Amino acid sequence: MGLLAYNESIIGDRIIDEINLEGIGKLLALTSNDEVNSLSALHFAEVFDKRNLYQLVPNTERDEIEFSPEHLRGRFLFGKGLNFNFLSKSFQNGAVIKSTNLTEEFRFEDFRNKYGDAFIPLFLVSNRNNKLIPVVLGEKIDPGEGYTIIALVESAGQTS
């Protein structure tokens with residue numbers, strides 16, 4: 001696909017110097033390893049604004065905030081319990097990522113009515129400036145016309 005890839009540790013000393021991050025505004029730590037995700041956010045705090053460091057919710061039964069204090073991690077993505085294991089299981093059960101433009105004719109309310117409880121919003125994209133807005137644990141969204149919603153949508157008959 002023409003994508004440049006590096007075979008390095010994300011928390012290694014050389015990685016920040018080797019990767020050209022010009023034009024990149026966010027870090028999304030999405031691995032199955034909660035500690036690596038947190039360390040990645042800490043490591044890249046010198047490159048990105050703290051508000052632009054994100055990671056998956058930890059794979060733990062404990063309260064996410066208790067598990068990892070805010071100053072030692074990125075912002076938690078998506079929602080309570082939406083960790084790597086949950087996402088992996090969802091994909092194994094047939095869930096897909098859908099991208100839907102919200103318009104005057106098809107609003108967010110219409111999207112919710114169409115999918116009910118069978119969707120999880122992951123990102124919004126502002127169509128005006130092409131800005132990616134990750135959905136963060138604890139923040140409500142209500143996007144209007146001019147946004148694209150990127151969501152995990154369960155397949156018919158899937159149960160979580």
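Strand 5 (residues 119–126) and strand 6 pair in the antiparallel sense, with 4 bridges between them in this predicted model. One pair to look at here is V125, which sits opposite L132 of strand 6. The loop that links strand 5 to strand 6 holds N130, and this residue has a backbone quirk: its phi is positive, near 60 degrees, though it is something other than glycine. With a relative accessible area of 67%, N130 counts as exposed.

Zooming out, these two strands belong to an open sheet of 4 strands, ordered 4-7-5-6 and paired in the antiparallel sense. Strand 4 and strand 6 (131–134) are the edge strands, so to speak, each pairing on one side only. From one strand to the next, the twist averages 25 degrees.

Strand 7 (residues 147–153) has 6 of its 7 residues buried, so the rest of the structure largely encloses it. On one hand, strand 7 pairs with strand 5 in the antiparallel sense through 7 bridges, and S126 has Y147 of strand 7 as its bridge partner. On the other hand, strand 7 pairs with strand 4 (residues 96–101), again antiparallel, over 6 bridges. In that pairing, S99 is matched with I150 of strand 7. Helix 4 (residues 84–92) is draped across strand 4, strand 5 and strand 7, and runs at about 80 degrees to strand 7.

Next come the nonpolar cores. The largest one has 14 residues, and F78, L87, I120, L122, F123 and L152 are those with the most contacts inside it. Strand 5 and strand 7 are the elements that give two or more residues to this core, and strand 5 gives the most, with 4 residues. Looking past neighbours within four places in sequence, I120 is in contact with L82, F86, I150, A151 and L152. Apart from the largest core lies another one, made of 9 residues, including L102, L124, I149 and A151.

F78, already listed among the best-connected residues of the largest core, is worth a second look. This residue is found in the loop between strand 3 and helix 4, and its phi is positive, at about 75 degrees, although F78 is not a glycine. Buried or exposed, then, for F78? Its relative accessibility is 11%, and the cut-off for buried is under 20%, so F78 counts as buried. N130, the other positive-phi residue described here, is exposed instead.

Aromatic rings are the next topic. Searching the whole structure turns up 6 aromatic pairs. F111 and Y115 make up one of these, a tilted pair with 4.9 Å from centre to centre and 55 degrees between the planes. Both residues lie in helix 5 (residues 108–115), where they are 4 residues apart, about one turn of the helix. Why would such a spacing suit a pair? An α-helix has 3.6 residues a turn, so residues three or four places apart point the same way. F111 and Y115 are both buried. Beyond this pair, ring pairs join F108, F111, Y115 and F119 into a cluster.

That leaves the other sheet. It is an open one made of 3 strands in the order 1-2-3, and its pairing is parallel. Strand 1 (27–29) and strand 3 (75–76) are at the edges with a single partner strand each, so one side of each has no neighbour in the sheet. Strand 2 (residues 53–55) runs parallel to strand 3 and is joined to strand 3 by 2 bridges; Y54 stands opposite R75 of strand 3. Helix 2 (residues 34–43) packs on this sheet, where it touches strand 1 and strand 2, and its direction makes about 175 degrees with that of strand 2.

Which residues of helix 2 are buried? They are D34, N37, S38, S40, A41 and H43. At the start of helix 2, N33 reaches in with a side-chain oxygen, coming to within 3.0 Å of the backbone nitrogen of E35.

Note on methods: Residues numbered from 1 in each chain as written. Predicted model: local features only at pLDDT ≥ 70, side-chain atom pairs only at ≥ 80, totals over all residues. Heavy atoms only, no water. Pairing = 2+ DSSP bridges. Contact = heavy atoms within 4.5 Å. Axes fitted to C-alpha atoms, helices over the stretch in contact; angles between N-to-C directions. Buried < 20%, exposed > 50% of the residue type's maximum accessible area, 1.4 Å probe, protein only. Polar contact = N/O pair within 3.5 Å; in protein donor to acceptor, adjacent residues only side chain to side chain. Core = buried A, V, L, I, M, F, W, Y, C linked by side-chain atoms within 4.5 Å. Phe/Tyr/Trp six-rings, centres within 6.5 Å; stacked < 30°, edge-to-face > 60°.
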